[in-house]
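Here is a walk through the model, starting with a detail of the backbone and working out to the way the parts meet. Have the structure open as you read.

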Protein chains: 2
Amino acid sequence: MPQQYPKVTYKEEGMREGMQIEDANISIDDKVTLLDALGETGLDHIVVGSFVSPRYTPQMARIDELMQKFKPKEGVTYTALALNEQGVERAKQYSPPLTLDRRGNRPGLSMHMCDVFARRNTNRSQMQEMERWPQVIATAQERGIKEASIGANASMGSNFLGDFSADVYIKLLEKQHELWNDAGIEVTAASVGDPMSWCHPAKVEEIFYRVKEKWPEITHFSGHFHNARGMAIPSMYAAITSLGPDDELALDGTIGGFGGCPYCGNGRVTGMAPTEDAVHMMDDMGIDTGVDLDKLIDCVWMLEEILGRSLYGHVSKAGPRPKTIDKLYDMNAPFIETPEQAKHFKTGSKAYEGGVSPWREPIKSPYRERVEKGLPAYEVDGDWPWSEGFFPKPSN
Amino acid sequence: MPQQYPKVTYKEEGMREGMQIEDANISIDDKVTLLDALGETGLDHIVVGSFVSPRYTPQMARIDELMQKFKPKEGVTYTALALNEQGVERAKQYSPPLTLDRRGNRPGLSMHMCDVFARRNTNRSQMQEMERWPQVIATAQERGIKEASIGANASMGSNFLGDFSADVYIKLLEKQHELWNDAGIEVTAASVGDPMSWCHPAKVEEIFYRVKEKWPEITHFSGHFHNARGMAIPSMYAAITSLGPDDELALDGTIGGFGGCPYCGNGRVTGMAPTEDAVHMMDDMGIDTGVDLDKLIDCVWMLEEILGRSLYGHVSKAGPRPKTIDKLYDMNAPFIETPEQAKHFKTGSKAYEGGVSPWREPIKSPYRERVEKGLPAYEVDGDWPWSEGFFPKPSN
């Protein structure tokens, strides 16, 4: 696959997007164990939770305890969500290890395209969100900021207002772009957000193409896709393939694909892209995420244990594609039927011991023999299996 | 989304691919009810099961009873799998309603790229599969067939042999193409199969592009993708977008995304693309599947009831994107958190009655007022909300 893809950075959102819609009584010890394990997977950026009012988000009530107990891993960026000044003040106590302003030198004019969702989720209207823009711009100017970001949340549609076309998204971004322009600050980044799972790969492609066409100097993209309609992973794929090698793309997901909020209308079935599936997909595109999939799957299993149910991701259940002789399945493995048996990719052959074995003789294959000798199953440019006589000739 | 997509035909495989890996004791009455309900959804093509030995596929032991009891819907194509002559003879008793040879006038040279899987699944080696080719070609010639198909199963990789590059796939198809050429029969169709879930959108794209580039006269494509690594839906998307409006594409999936076989090594966690998610994705691309999503979701709920567990699909849990005023969510709905509450898209507001409602006053929004009056939330080419003064101006 000789494509040239953008540089992708990935943010694990499970401790926030996931935990915020789960049982508030999950123990802090479980959360600490999970967060510590996530830190060991090679993930570059982990969101630890949010500093919000415990009244309506009791799941985050004990985040201070989590901050005090978890073991930050060197080299990992840890961030947290804060929706107001009070939250930011609380978060500051834990910085470091928390990084407070990840967007750093590229401030953005945030807004929701869905006024209803803004009101439900943040108690502010879209108009009130936009009222902050002059201050954001003024601060950027004071700080001597050179590059800024444009974008909108709920970019593709709303459960309360319906579909938003790419035209509307672009038009809103034009307004933001003008404001930065007037302030003499160059726009080099654009974001799409999708709290209500309206993402679709065709729309993501359209939006990213149009942004690039209109503002070629924009090379930093970010996509935060929710998954209530199963479109988060295809949308990630579309985002990756619609950008080029000089672009940078920031993507978000959660282990197991859990997540959501009580405001969007889909609750716990909202979800995000399962991180293990996203990483596995990118691995096969030659995009290096630095993640150890085996350790990541341990985290998913741990999380499923904590939640007491199976989650949405696939790679944690079936394992990654086995590509090397030490990972390939035993060709004489008996029937493998149940999810427990399917875990053999990690737990070994005892997982399927005693299963039905319908073959009269053990299976043998010249292809497998080659692979076991370290040869490729097929030699594309060699002799095997292309020799004269290998393929049947019609008799006539 | 002004793309031009191929004509897509869709085959529902749940009664075969799904049921064959589930409990053999699921009652025939349940299967009849489900199959009858599927017939009412608008699905064009439904696979009813397989005529195979009950010894190793006890799930299909009572297919005769199913055939006798189900109510075929006029206009729906019903097919069944048969792996040998005996199976074909058994199926013939039920034709009609069964259609026996759906490929009709475009016979193919079938083979598995994975010799090990062929042996495990069908008790035949790849070599034995290919030995049938001369007979297939001779029969085609006798019947005066004008167009033929090339392709391979396990096209992208194997759990027992590892990855297969697109180069290998193309090279094997070249061999098949030569044989048809020598027989004076034009090749106009190509297929990829994927029993071991090695599909990846980037590889599907590469394969389809290369086939089209090499053999422009091939305009009929088919893709049968399994989902153990969550790549079936992205692969469908890639298949659709890599073909053009003069092409035809046949895709397969299962309601709920259930399915698999005991031979592939992933059992029940193999799955296929959930039909409801696939249909929903295509709806938004303007690809008319003729399927009534509401009825299809009824089938998924029925199936989950039969199996006693939640399946992989998303749209059955969160509902389709609501696009019209009668479907949009109530903006004053309280917190929606659990999967049961999320079913409100079908069961109505009683699903979330009594949930927390954190807002001091009922939410109102000028956008929603517009939508309730039948106006678009945003007028892209009109005045709303683009008037002077709507967007904040920096003070400096």
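## Backbone oddities

P385(B) sits in the segment after helix 16 (366–372) of chain B, and a cis peptide bond links it to W384(B), with omega at about -5°. Chain A has a cis bond between W384(A) and P385(A), where omega is about -10°. P385(A) is in the segment that follows helix 16 (366–372) of chain A. Helices here (H or I, at least four residues) and strands (E, at least two) are DSSP runs, numbered from the N terminus.

One more spot to look at is A154(B), a residue other than glycine whose phi is positive, near 55°. You'll find A154(B) in the loop between strand 4 (147–152) and strand 5 (157–158) of chain B. For background, most residues other than glycine have a negative phi, and most peptide bonds are trans.

## Ground rules

This is a predicted model, in which local features need pLDDT of at least 70 and side-chain atom pairs count only at pLDDT 80 or more, while totals for chains, interfaces and linings use all residues. Residues are numbered from 1 along each chain as its sequence is written, chains are lettered from A and ligands numbered from 1 in the order in which they are written, and side-chain values use heavy atoms, leaving out hydrogens and water.

## How the two chains pair up

What turn lays chain A on chain B? A turn of 180° with a shift of 0.0 Å along the axis does it, giving an RMSD of 0.0 Å (least-squares superposition on the C-alpha atoms of residues with pLDDT of at least 70 in both copies). That is the relation of a two-fold axis. In chain A, P234(A) has the C-alpha nearest the axis, 2.4 Å from it.

Each chain brings 108 residues to the contact, where contact means heavy atoms within 4.5 Å. The copies meet through the same surface, because 100% of the interface residues of chain A are also interface residues in chain B. Together the chains bury about 9300 Å², 67% of it on carbon and sulfur atoms; buried area is the accessible area (1.4 Å probe) that two parts lose on being put together, summed over both.

How many salt bridges are counted between chain A and chain B? The count is zero, taking a salt bridge as a side-chain nitrogen of Lys or Arg within 4 Å of a carboxyl oxygen of Asp or Glu. There are, however, 49 residue pairs in polar contact across this interface, both residues at pLDDT 80 or more. A polar contact is a pair of N or O atoms within 3.5 Å; within protein, one must be able to donate a hydrogen and the other to accept it, and residues adjacent in sequence count only if both atoms are side-chain atoms. Helix 8 (residues 166–182) of chain A gives the largest share of its side, six residues.

## Two domains in chain A

An automatic or database domain assignment splits chain A into domain 1 (7–318) and domain 2 (326–396). Their C-alpha centres lie 41 Å apart. Eight residues of domain 1 are in contact with six of domain 2, and the two domains bury about 550 Å² between them, 59% of it on carbon and sulfur atoms. On the domain 1 side, W301(A), K317(A) and A318(A) lose the most area, together 70% of what that side buries.

Two salt bridges are counted between these domains. K346(A) and D294(A) meet through their side chains in a salt bridge (2.8 Å, N to O).
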